[in-house]
Protein chains: 4
Amino acid sequence: MSSSFGTLFKVTTFGESHCPGVGAIVDGVPPRMALTAEDIQVQLDRRRPGQNKLGTDRNEADQVVILSGVEFGKTLGSPIGLMVKNKDQRPGDYGTMSQIPRPSHADYTYRAKYGTHASSGGGRASARETIARVAAGAIAEKFLFEEYGVEIVSWVSSVGHVDAPQVDMEQISRELVDGSDVRCPDAAAAKLMTDEILAVREAKDSVGGVLSCVCRNVPAGWGEPAFDRLEALMAHAMLSLPASKGFEIGSGFEGARQRGSVHNDPYVMKNGRLGTVSNRSGGVQGGISNGEPVYFRVAFKPTATIGHEQATVDYDGNPVTLAAKGRHDPCVVPRAVPIVESMAALVLADLALIQRMRG
Amino acid sequence: MSSSFGTLFKVTTFGESHCPGVGAIVDGVPPRMALTAEDIQVQLDRRRPGQNKLGTDRNEADQVVILSGVEFGKTLGSPIGLMVKNKDQRPGDYGTMSQIPRPSHADYTYRAKYGTHASSGGGRASARETIARVAAGAIAEKFLFEEYGVEIVSWVSSVGHVDAPQVDMEQISRELVDGSDVRCPDAAAAKLMTDEILAVREAKDSVGGVLSCVCRNVPAGWGEPAFDRLEALMAHAMLSLPASKGFEIGSGFEGARQRGSVHNDPYVMKNGRLGTVSNRSGGVQGGISNGEPVYFRVAFKPTATIGHEQATVDYDGNPVTLAAKGRHDPCVVPRAVPIVESMAALVLADLALIQRMRG
Amino acid sequence: MSSSFGTLFKVTTFGESHCPGVGAIVDGVPPRMALTAEDIQVQLDRRRPGQNKLGTDRNEADQVVILSGVEFGKTLGSPIGLMVKNKDQRPGDYGTMSQIPRPSHADYTYRAKYGTHASSGGGRASARETIARVAAGAIAEKFLFEEYGVEIVSWVSSVGHVDAPQVDMEQISRELVDGSDVRCPDAAAAKLMTDEILAVREAKDSVGGVLSCVCRNVPAGWGEPAFDRLEALMAHAMLSLPASKGFEIGSGFEGARQRGSVHNDPYVMKNGRLGTVSNRSGGVQGGISNGEPVYFRVAFKPTATIGHEQATVDYDGNPVTLAAKGRHDPCVVPRAVPIVESMAALVLADLALIQRMRG
Amino acid sequence: MSSSFGTLFKVTTFGESHCPGVGAIVDGVPPRMALTAEDIQVQLDRRRPGQNKLGTDRNEADQVVILSGVEFGKTLGSPIGLMVKNKDQRPGDYGTMSQIPRPSHADYTYRAKYGTHASSGGGRASARETIARVAAGAIAEKFLFEEYGVEIVSWVSSVGHVDAPQVDMEQISRELVDGSDVRCPDAAAAKLMTDEILAVREAKDSVGGVLSCVCRNVPAGWGEPAFDRLEALMAHAMLSLPASKGFEIGSGFEGARQRGSVHNDPYVMKNGRLGTVSNRSGGVQGGISNGEPVYFRVAFKPTATIGHEQATVDYDGNPVTLAAKGRHDPCVVPRAVPIVESMAALVLADLALIQRMRG
């Protein structure tokens with residue numbers, strides 16, 4: 001259901017903006033794995049607001065605490081409770097905001113769904129919920145790397161109309177990605193993206209972007225036929241992220257323009273095992289990994305909260321003009337990098353455990 | 001797990017190409033709904049091979065039988081068993097084919113996963129598995145239409161490099177879509193698409209395409225926060241289809257290029273309820289439907305099976321040349337129309353039932 | 001949900017009394033296992049009505065057909081579709097019966113739940129639904145025996161007030177159990193039970209009974225802490241059977257009378273591994289198997305359908321006298337033996353696959 | 001999976017004895033329900049150790065904190081995070097204890113399962129895990145009472161060989177139950193039970209017992225056919241509790257001795273709706289509630305931890321004598337009362353929400 005993800009490696013999250021905290025229970029983590037809060041904190045630090053001039057001014061420390069499931073620095077195999085305290089627990093004021101559904105926000109839909117809504121608007125639609133995912137995903141990543149050598153790297157491949165050139169998916173690393181605040185490994189594109197974000201910020205506006213992600217060393221055989229294909233679970237994971245609007249794997253929408261004779265990936269011997277000459281499949285065939293890098297792209301819309309004035313109506317239909325005050329990210333994609341990596345890790349860790357049932 | 005989809009309105013499928021049949025169990029169908037095999041057959045007929053000159057030569061009748069859950073023409077509320085017999089139950093020959101993994105097919109990955117594979121290659125990756133989905137989806141559609149007036153229409157919006165112009169999402173109907181064999185409601189585009197498909201067929205090649213789909217009259221409030229957002233389940237559903245490579249909802253990848261001031265959908269009063277002026281959100285905000293049409297697009301790669309010669313290697317790494325013989329669709333998208341509609345219906349029916357828990 | 005059981009080894013069933021058939025989809029069956037319809041038929045034959053003078057006169061052949069998931073006599077790893085045709089598909093007459101809810105039957109509750117009910121009364125509460133479970137369970141049993149040497153044997157340990165003495169749980173076999181029609185391995189008790197059943201039949205009455213079951217060679221480590229303890233899943237499985245009223249594992253209700261100093265099972269070395277001197281735990285500690293035989297008991301109430309006259313009321317509250325005509329079992333427990341074995345096998349096969357995730 | 005229970009009203013728990021805390025995420029709680037920590041604390045206080053002379057000397061305050069899902073005293077519809085801090089977070093000493101598997105404890109099976117175990121032995125098998133269940137169950141209870149008037153009352157019906165007479169299930173209340181420390185509403189039996197518990201305590205021994213539970217005002221129609229019958233889910237819930245060995249509903253094991261003519265519950269008009277004259281069915285027919293009180297019994301074995309000396313072996317098979325030091329309950333059943341009530345509430349709340357899908 002709604003707040004849980006995964007079958008065997010399973011994360012359940014809680015928390016919205018103005019409550020004591022956000023957190024997760026991660027069930028199915030294999031026993032005897034070394035794990036400390038610091039292993040998790042690394043990705044939370046990459047996700048936190050206020051890292052640099054491109055994001056919101058809010059500076060949230062977001063320190064994770066491990067509540068259970070780990071003893072003497074090793075996992076027990078029992079569920080791992082994780083919590084990050086919210087700094088600001090005061091429910092927001094119920095003045096103007098509560099009378100006006102913010103355009104392209106979840107205020108209206110939460111009210112339609114629940115007949116109520118959190119003071120912070122669409123409570124669980126808040127980006128703070130992703131803290132719990134990143135924390136859980138960091139554990140999944142550690143498992144995947146230690147057991148299978150799986151490496152997951154995401155980066156910003158476009159901001160607005162600025163596209164980064166193709167990167168070398170075999171070489172791209174988090175170090176390269178974090179070389180720029182905008183998390184684009186191509187220096188020239190990073191410069192243009194940065195300019196774009198600063199410009200929209202100046203204009204009290206926002207802008208969308210696209211993240212790419214590659215998962216290397218995924219063994220052949222992960223992914224379940226029919227409904228739980230690897231790409232289906234990955235799409236589910238990515239489209240469950242706030243502001244995401246699209247997902248494509250391998251050749252994606254561009255592949256839909258091609259002919260089979262061009263698009264097919266012929267086999268070839270690689271280091272003693274079968275591999276493919278090209279990788280338009282994105283590392284997946286028939287929903288199952290084939291040993292080649294799994295790569296995909298995720299589209300994020302521009303942040304809905306903007307300082308720019310918007311003409312809209314209140315819940316009663318009266319015309320109003322709305323201009324958000326305060327702190328917001330003009331572009332979410334740089335901070336979405338660890339979030340995308342975490343969701344990818346959750347999908348792969350679950351498929352890894354499921355495949356183990358085949359002995 | 002793998003062969004099941006949905007939480008309350010739940011479908012479980014079985015069957016591959018060369019076994020007695022394919023089918024489904026549909027659990028959670030509301031009681032006292034009129035239902036006959038003919039209600040289901042309509043969509044199966046739109047899916048079946050050999051409808052016209054654009055598809056494979058195989059002409060499969062694909063008659064559905066209702067095995068349980070219906071009595072005196074009404075649903076009982078118990079699970080509905082559905083079956084469609086396979087015409088050709090002979091397992092394929094284990095000659096050449098079994099020694100060569102077909103490029104961009106599931107032969108290799110199924111072998112990696114299971115240590116065996118069906119004689120027809122990647123058994124459950126077969127398009128015949130989608131028969132069970134279409135049959136189940138037809139029941140979901142009937143429920144959605146009768147209870148909520150929901151209408152779901154999919155159409156072909158591109159084949160290879162041929163794009164159809166935007167259609168009027170309020171007006172598009174299955175009658176308009178079925179006006180051409182290629183299932184594109186724009187006559188000029190349909191003509192070009194048809195030419196393209198006939199050309200690739202002549203060239204013993206294949207070509208990809210994109211389907212669009214709109215779901216009208218979805219009430220506000222469907223979709224679950226966090227992991228089971230409407231668009232997340234829809235992406236899961238669509239990327240679980242054979243040959244699909246991408247999904248986008250509303251503004252999609254194009255929306256990632258825009259600014260918030262342009263992209264946001266301001267509210268406005270419409271027939272006594274709040275609606276939005278534009279619909280870049282695709283009918284969903286914060287993962288929950290807002291009462292506007294839900295629309296999305298799905299990219300399909302070109303069919304992997306082609307008569308064109310391909311250089312590849314066999315399982316032992318020996319270079320071989322492969323050219324598929326026999327019957328295949330040069331372009332899957334026209335026949336994918338009812339499949340996409342069915343998966344959309346399964347997602348929405350499940351979310352409708354889940355939302356009912358809120359009384 | 002309702003018609004599915006299991007997480008990885010997962011069975012979904014369909015069918016009621018008066019429809020074309022009953023059946024199941026079994027997902028998660030490991031690939032490359034030898035399997036034929038005959039492997040399944042053996043247990044169906046032990047379940048079928050009309051085997052001997054103790055049961056109903058109905059003689060149903062109940063031949064199973066494998067619809068998918070098996071090729072050349074081996075499992076593929078894909079879902080296995082199973083079907084058994086119903087002989088009598090005519091919906092029952094809607095005369096007297098439909099106006100009177102039969103005492104201790106599901107007629108009334110199904111109507112309360114669904115606002116309708118199958119012509120055969122509480123459709124899915126029919127004993128015919130258990131055919132699908134037995135078919136699925138036979139596959140689970142084969143997997144458990146071949147992979148782990150697990151042996152599951154159930155027998156009748158009481159009918160009415162007739163109790164069988166303790167049996168030797170290490171020695172009991174299906175051959176011994178099937179030595180009497182009543183399926184009690186103790187000859188003297190079997191004779192008394194038989195007399196009791198014939199007496200209630202003569203009196204147009206029915207009588208309850210208790211089944212015992214032992215599962216040998218279950219490796220230590222199966223069962224999941226907290227909610228999915230081995231005994232919790234086993235109790236779930238057994239109380240999901242029609243007419244079951246109670247479940248106890250190991251010392252059970254009798255154990256609740258004892259003191260810890262008597263009840264505890266001390267450890268001892270057995271064949272090079274730790275075992276326990278006594279086995280009041282029933283092979284499970286903390287919800288996890290300990291390598292000792294898992295054994296439990298299941299109570300079944302007397303059949304609700306009796307020829308004996310009963311004073312009751314119709315749906316409108318008018319007093320009526322009801323006396324069932326036709327065919328029914330005066331005592332369900334002899335035929336419940338393979339059903340209990342099958343449900344036990346489904347629980348254990350699922351836990352076996354889940355434990356594999358720990359590598 | 002293991003740490004989650006329920007489909008729509010779903011609880012996921014974390015925590016063992018020696019970690020920062022134990023807690024739960026409760027998903028699916030209906031929005032706009034009044035809820036405070038005090039609503040939950042009431043049941044936690046009835047569960048906590050050290051309430052009186054019958055239990056352990058440990059006095060644990062077990063204060064619950066609501067972490068999310070509630071604002072301004074009302075539920076939001078989002079997941080409710082709950083936490084109770086552990087007082088003693090020091091992992092236990094790894095001296096003698098870790099070399100000797102305590103008889104009838106989970107030490108050995110956890111080691112077999114995970115290849116490691118928490119310093120407190122079978123970590124998740126600890127009774128502290130039930131804190132999370134009681135907290136979650138208190139929310140379920142409040143929902144059931146406010147929406148449907150459902151009342152759930154459990155009491156001690158036997159301790160060792162002391163049985164309480166039948167109670168009036170229509171009249172029994174928590175006030176009556178809490179009238180004695182041993183939580184048996186019959187004063188004479190309570191006196192004998194108390195004597196028995198004090199005697200076993202003096203003898204450094206322990207004793208088992210049986211809890212009864214009644215759920216009144218459950219509407220007809222709850223419970224799902226086939227695998228998720230009301231009694232199946234209830235048995236699952238109860239057998240998932242530490243130390244439980246048996247479950248019976250309605251007539252239970254005694255019913256297995258009866259004839260159908262005696263056991264059947266004839267219908268009768270009651271306050272304008274159909275009811276039954278007797279209630280041997282325990283309020284459930286065909287797995288679905290019939291509007292009569294749902295009642296059942298749960299057997300608990302004697303506490304495995306005893307001060308009495310036990311002859312056993314260590315992990316290497318060397319004979320040792322073990323005598324537990326320190327604090328333990330000589331009889332768990334008085335404190336198990338709110339735990340059984342909570343699990344019953346979780347089952348019923350889930351079935352209530354599921355039944356709502358039928359509109």
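**Reasoning from values to terms in a predicted model**

Student: What makes strand 11 of chain A, residues 244–249, largely enclosed by the rest of the structure in this predicted model?

Tutor: Six of the six residues of strand 11 of chain A are buried, so the strand is largely enclosed by the rest of the structure; buried here requires 20 or more other C-beta atoms within 10 Å of a residue's own.

Student: How do you know that strand 11 of chain A pairs with strand 16 of chain A?

Tutor: Pairing needs at least two bridges, and strand 11 and strand 16 (residues 294–300) of chain A are joined in the antiparallel sense over five bridges, with A:Ile249 standing opposite A:Phe296 of strand 16. Strand 11 of chain A is also joined by three bridges to strand 11 of chain B, the two running antiparallel, and there A:Phe247 has B:Phe247 as its bridge partner.

Student: Why is the relation between chain A and chain C called that of a two-fold axis?

Tutor: Chain A can be laid on chain C by a turn of 180° and a shift of 0.0 Å along the axis, with an RMSD of 0.0 Å, and that is the relation of a two-fold axis. The same surface serves both copies, as 100% of the contact residues of chain A recur in chain C.

Student: Which classes of residue make up the side of chain A that touches chain C?

Tutor: Eleven residues of chain A are in contact with eleven residues of chain C, and by class the side belonging to chain A has six nonpolar, three polar and two charged residues.

Student: What makes strand 1 and strand 4 of chain D edge strands of their sheet?

Tutor: The open sheet of chain D has five strands in the order 1-2-3-7-4, with antiparallel pairing. Strand 1 (4–5) and strand 4 (64–66) of chain D each have a single partner strand, so one side of each is left without a neighbour in the sheet. For strand 4 of chain D, three antiparallel bridges lead to strand 7 (residues 80–85), where D:Met83 is the bridge partner of D:Val65.

Student: Why is A:Asn271 called exposed, and why is B:Ala243 called buried?

Tutor: A:Asn271, in the loop between strand 12 and strand 13 of chain A, has 5 other C-beta atoms within 10 Å, and the limit for exposed is 12 or fewer, so A:Asn271 is exposed. B:Ala243, in the loop between helix 6 and strand 11 of chain B, has 24 against a threshold of 20 or more, so B:Ala243 is buried.

Key. Residues are numbered from 1 along each chain as its sequence is written. Chains are lettered from A and ligands numbered from 1 in the order in which they are written. This is a predicted model: local features need pLDDT of at least 70, side-chain atom pairs count only at pLDDT 80 or more; totals for chains, interfaces and linings use all residues. Helices (H or I, at least four residues) and strands (E, at least two) are DSSP runs, numbered from the N terminus. Copies are superposed by least squares on the C-alpha atoms of residues with pLDDT of at least 70 in both. Two residues are in contact if their C-beta atoms, placed from the backbone, lie within 7 Å. Ala, Val, Leu, Ile, Met, Phe, Trp, Tyr, Cys and Pro count as nonpolar, Asp, Glu, Lys and Arg as charged, and the others, Gly among them, as polar.
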